[in-house]
Amino acid sequence: MKLAYWMYAGPAHIGTLRVASSFKNVHSIMHAPLGDDYFNVMSSMLERNRDFTPVTASVVDRHVLARGSGDKVINNITRKDSEEAPDLIVLTPTCTSSILQEDLNNFVARAQLNCNGDVLLADVNHYRVNELQAADRTLAQIVQFYIAKAKKNDELPTGKTATPSCNILGISKLAFHNNHDLTELKKLLGDLGVSVNLVIPDAASVHHLKNLGQAWFNVVPYRELGPQAATYLQSEFGTPFIDITPLGVVETARFIRQVQAILNDGGVDVNYEDFIDEQTLHVSQAAWFSRSIDCQNLTGKKVVVFGDSTHAAAITKVLAREMGIHVVLAGSYCAYDKDWFRAEVGEYCDEILMTEDHAKVGDAIARIEPAAIFGTQMERHVGKRLNIPCGVISAPIHVQNFPVGYRPFLGYEGANQIVDLIYNSFTLGMEDHLLEIFGGHDTKDAITKSITTDSGIDWDAAAMKELKRVPGFVRGKVKRNTEKFARNSGFDAITLEVMYAAKEAAGA
Amino acid sequence: MTASTAPNSLNFECETGNYHTFCPISCVAWLYQKIEDSFFLVIGTKTCGYFLQNAMGVMIFAEPRYAMAELEEGDISAKLNDYEELKRLCLDIKRDRNPSVIVWIGTCTTEIIKMDLEGIAPKLEAEIGIPIVVARANGLDYAFTQGEDTVLAAMAARCPSEAPASEAPEERGGLSSLLNLGKKSQVDSSESEFKQHAPLVIFGSVTDSVVSQISLELKKQGIKVSGWLPASRFGELPALTPDTHVVGINPFLSRTASYLARRRKCKLINAPFPIGPDGTRMWVEAICQSLGVEPQGLDEREAEIWNHPQVQEYVSLLKGKSVFFMGDNLLEVSMARFLVRCGATIQEIGIPYMDKRYQKSELEALERACEEMGVPKPNIVEKPDNYNQLQRIKQDKPDLVITGMAHANPLEARGITTKWSVEFTFAQIHGFSNVKEMLETLTRPIRRNASLDQLGWTSMVKEEVARV
């Protein structure tokens, strides 16, 4: 047992649901008690999805506990199959089903007999893997399933596409800026003359998975989701994959050179050096920013970086290598992947912290007292408490991290966005500091002063206490209105009773 | 629109129970704030923690007095000793927070592995010297607000069985304890405004503001509230004697009600709930009647609220509108009864669980309201099936659907106006004083969509995916 207040990565089923519901026309059925379908709320609220989230629960209740699910799961699967005719139904185990130890595989096999669509059991164990590991596993599992199916039915297309093409693996629902990153990646690959064969799982149809092998190579932009599927495709079709995250100008160039190497190996003679130069020096603003005197002012400033492996590693490199900022500590909550992370950032920071405990991260920040933090929503709140500015660079995230406007992190436009994010964090910090030194703006308390001067009406203790419960931003208004009401109604003191009477009487 | 076939009485149905609601452990979110010296320990898995973390949003960052005791594989396979593990965590909590009570929230996992929380708690309580209250608020048995019911039922067992000496401030909850702050004379003078009646205890967690408002409302009738379950502090739990009259403020407190009536032998006042001016009037009336007090000026008070220009304006927006409750928080019948009085027609009342005994007066009030307002009596669908409900919504096109967040955005995208139901759980909706705000919330989507309607942006989904 461990005492936990906050977690960075969610439970395993969230990963499975994120991948399964990213596909088009794939439905997930959770084997879970009432209330565990919270994923639907996140999908509907954070991403503002217009469509119903294709996730339902086969509810585990007291009855199931006593006698087992019996035919309930099977009935729920076949019912969903007839109601919505999904291509695939993914039966998703939860922490509850992990310990009930019912034979879910058997349910899937029996349900398959009566379903037009396919039925799969997600192969994830709640107690062994987290959201990210489960997502990676589920994506690979679905890919394997459909490649095997196509092979069996002899429907597997052979050979590569005539012109260079690639698959993009790992773009999913409820992930950090993924939709914008996808647009940027497609644009970048288009500029390089590479067409996109398939994007998975985002909006992909499972019927197209059999065509995955036709791509010349696979792109895996994120460390957390996609490597397993890419590794499988490499072993199955010999398809090479690029697992460089094109985040920041230097890494984007490295990514492009890797594309060049693969294409040259495939017998297409390309040279992207001029393209990289043109983009770096003249199109993107990030390289120029590094040379400008604004960025000079950031030299040697101390920062702490924390997030998922992909973003924490990439941002650390951008800060240290491209901006001359001093990364005191870089860390990630993907503790299961610590060797990779160390290898990526070892030379760019003083310390590495691999932990899932937010308190350790908070303590490290307090100890280091950096000029800025780049982290998750949790680090943003630590920053608030310690008065240190924070740029959010990684999940877990809130609704404000699902912007409507175009905000990629990858590619050349991504590099521009990151410059703004980093620079704005620092200037805000500096401004705060200067304001403090010079005594700040003198607008403080203006509202309270103007209403306390001439009201001449006493508030009794209970009413005063009640007034303090009113949220700060409307307290002044409530106070004024109550006093006005009291004056007009001839009360000379404000009691709770007068307060509520004023509240009831108040008009629009 | 609704068919004109008005059933003569309320019709009860029960569906598959395949509906979306919050897990009952969410009660932690409001109860830890209500009971200021408590600490809530949710004994469960990452799934529970993830839900709480996401459902509570920013509250999580404010050093909440709740935490997860996250079960690991060793706990599940009983390699670790439950008692020792819980002792270790509770000692940490005692050291860091020093609460007056630790509430253990049992979850689905502790049910399945049959962790004996009720057995462990008294021993550990004796060992560490802090009361431990056990509530099984799990998704196997309960929905959303029923979590509070399990906690309050468990807490009722801790209420003292005789009133402390009459001068002790603990005895007075809410308003009287507020007034008592250093102003002895004021209390003495206000004491005389109360009539002689048996002690009254109100159960249900509401914000301290609502506590004051309701206490004042009853004071106008000369009725003194002896205490609230829960009070702001664990040590202020009200005394319960066979003479004590108890009344619920919320419709989801049936376990607490039956515990108070059966085990503590209190006299349960069955009344519609004080939601809406009509509900508040009936609730106060029922209390007066039970305590043998003649109600004073209640009809005028209700009329005054209804006649408020702002209230009238909101009510005019609801008049003739059809409303569909998908059902997730058990406030549905009371809200529907109030909406009928506002002139709306109710197409369906989905509800997780329907206790016809505890809600008896409320159901009668709903029937009366429908008859007097001349609208058909709605179907009450217990354990609804959300998929079937969406088909009915698609067919009947209600003017307003009151639903959870999982369905709100997709329905809006299909041109169906929704109101997010959870808001009513967290907003102040009780008593006369909050009617305007409740109506403001209820009519907000109608007002918002009215201002957008001329743009012609009603259906925002493409045809091929427009399946409801």
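The following conversation goes through charged side chains and their salt bridges in a predicted model.

Mentor: This is a predicted model, in which local features need pLDDT of at least 70, side-chain atom pairs count only at pLDDT 80 or more, and totals for chains, interfaces and linings use all residues. Residues are numbered from 1 along each chain as its sequence is written, chains are lettered from A and ligands numbered from 1 in the order in which they are written, and side-chain values use heavy atoms, with hydrogens and water left out.

Trainee: Why is the pair of Lys72(A) and Asp61(A) called a salt bridge?

Mentor: The term requires a side-chain nitrogen of Lys or Arg within 4 Å of a carboxyl oxygen of Asp or Glu; the closest N and O atoms of Lys72(A) and Asp61(A) are 3.6 Å apart, so the pair qualifies. The two residues are eleven places apart, Lys72(A) in helix H4 and Asp61(A) in the loop between strand E3 and helix H3 of chain A.

Trainee: What makes Lys72(A) partly exposed?

Mentor: Buried means under 20% relative accessible area, exposed over 50%, and partly exposed in between (1.4 Å probe, protein chains only); Lys72(A) has 26%, and therefore falls in the middle class.

Trainee: How do you know that Asp385(B) is buried or exposed?

Mentor: Its relative accessible area is 1%, which is under 20%, so Asp385(B) is buried. Its partner in a salt bridge of 2.7 Å, N to O, is Arg79(A), which counts as partly exposed at 23% relative accessibility.

Trainee: What separates the two residues of the salt bridge between Glu367(B) and Lys377(B) in terms of accessibility?

Mentor: Glu367(B) is partly exposed, with a relative accessible area of 22%, whereas Lys377(B), at 7%, counts as buried. The N to O distance of this pair is 3.7 Å.

Trainee: Why does Glu224(A) have no salt bridge?

Mentor: Lys and Arg count as positive and Asp and Glu as negative, while His and the chain ends are not counted; the nearest side chain of opposite charge, Arg223(A), is 6.7 Å away, so the 4 Å condition is not met. Glu224(A) is nevertheless buried.

Trainee: What makes the pair of Glu224(A) and Thr310(A) a polar contact?

Mentor: A polar contact is a pair of N or O atoms within 3.5 Å, where within protein one must be able to donate a hydrogen and the other to accept it, and residues adjacent in sequence count only if both atoms are side-chain atoms. The side chains of Glu224(A) and Thr310(A) are joined at 2.6 Å, and therefore the distance condition is satisfied.

Terms used
Helix = DSSP H or I, 4+ residues; strand = E, 2+ residues; numbered from the N terminus.
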